[in-house]
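Below are some comments on the model you sent, set out as numbered points. I have kept them to what can be read from the coordinates.

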Amino acid sequence: MKEDAFKITTDETWHAQFTYDTLKQVERRTGVPTHMPETPQFVESLDRIHRRIDPDLRGIDELVFAVVSETLISNMLAEIPRDERLPVSVRELVADHAEDEGKHHAYFSSLLEYVGT
């Protein structure tokens, strides 16, 4: 499982990089700048939750967030490649991302079973 976790970390770094690159391409092509918050609102919410958790349990909140976000994103990404309103290049990029996230979904599902035992 540790080896697979390292692979997921590599995948997620790549996802962040190509997402950033895609945003920059859209900015250049459209002339419309993106406005990203300094810190996403969900990170601030998670920080508040983390501070309220019993210190002996800290870390489990971060694991649960990873499991939930990785399993939810799989379902969302599966729909986008079928949306013919989007350019083919975007649909192909998201399809590739969705394939990775499907693997991550399987990993996190098995991780929950492991942690639950």
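1. Which residues of H3 are buried? In this model, which is a predicted one, the buried residues of H3 are Asp-61, Val-67, Glu-70, Thr-71, Ser-74 and Leu-77. They pack against H1, against helix H2, which covers residues 41-52, and against helix H4, which covers residues 88-116. The list includes Asp-61 and Glu-70, each of which counts as negative in the charge tally, so a reader who goes through the packing of H3 should keep these two acidic residues in view alongside Val-67 and Leu-77.

2. On the overall layout, the protein chain has four helices and zero strands, and read along the sequence it follows the pattern α-α-α-α. Taken along the principal axes, the C-alpha atoms fill a box of roughly 50 × 30 × 25 Å. Of the contacts with a separation of 6 or more, 62% are accounted for by residues 24 or more positions apart.

3. On burial and surface, buried residues make up 18% of the 117 residues in the protein chain. The accessible surface comes to about 9000 Å², and 59% of that area belongs to carbon and sulfur atoms.

4. The lengths of two helices can be checked against their residue counts. Helix H1, residues 2-30, has 29 residues, which at 1.5 Å a residue should span 42 Å, and its end C-alpha atoms are 42 Å apart, in agreement with that expectation. Helix H3, residues 60-79, has 20 residues and an expected span of 28 Å, while its end C-alpha atoms are 30 Å apart, which also agrees.

5. In H1, the buried residues are Ile-8, His-15, Phe-18 and Glu-27, and what covers the buried residues of this helix includes H4. Just after H1, Gly-31 takes a positive phi of about 80°, a backbone value that can be checked directly in the coordinates.

6. The structure holds five salt bridges, and three of them are described here and in the next two points. Side chains of opposite charge can pair when their charged atoms come close. In H1, the side chains of Lys-7 and Glu-3 meet in a salt bridge, with a distance of 3.5 Å from N to O. Why can these two side chains reach each other? Lys-7 and Glu-3 are four residues apart in the helix, so they are separated by about one helical turn. Lys-7 is partly exposed, with a relative accessible area of 44%, and Glu-3 is exposed, at 55%.

7. A further salt bridge of H1 joins Lys-24 and Glu-27, with 3.1 Å from N to O. Lys-24 and Glu-27 are three residues apart in the helix, about one turn. Are the two partners buried or partly exposed? Lys-24 counts as partly exposed, at 24% relative accessibility, whereas Glu-27 is buried, with a relative accessible area of 16%. Because the cut-off for a buried residue is under 20%, the two partners are assigned to separate classes, and the values of 24% for Lys-24 and 16% for Glu-27 are best quoted together with the labels.

8. Glu-79 forms a salt bridge with Arg-82, the closest N and O atoms being 3.0 Å apart. Glu-79 belongs to H3, which runs over residues 60-79. At 49% relative accessibility Glu-79 counts as partly exposed, while Arg-82, at 57%, counts as exposed. For the chain as a whole, the mean positions of the 13 positive and 23 negative charges are 4 Å apart.

9. Two residues of helix H4 give distances that may be useful as reference values. Ser-89 lies in H4 and is exposed, with a relative accessible area of 52%; Ser-89 and Arg-28 are 61 residues apart in sequence and 16 Å apart in space, C-alpha to C-alpha. Val-115 is also found in H4 and counts as partly exposed, at 42% relative accessibility. Val-115 and Arg-85 are 30 residues apart in sequence and 41 Å apart in space, again C-alpha to C-alpha.

Methods:
Residues are numbered from 1 along each chain as its sequence is written. This is a predicted model: local features need pLDDT of at least 70, side-chain atom pairs count only at pLDDT 80 or more; totals for chains, interfaces and linings use all residues. Side-chain values use heavy atoms; hydrogens and water are left out. A salt bridge is a side-chain nitrogen of Lys or Arg within 4 Å of a carboxyl oxygen of Asp or Glu. Buried means under 20% relative accessible area, exposed over 50%, partly exposed in between (1.4 Å probe, protein chains only). The expected span of a helix is 1.5 Å times one less than its number of residues. Contact means heavy atoms within 4.5 Å. Accessible areas come from the Shrake-Rupley method with a 1.4 Å probe; for residues, only the protein chains shown count as cover. The place of a charge is taken as NZ of Lys, CZ of Arg, CG of Asp or CD of Glu.
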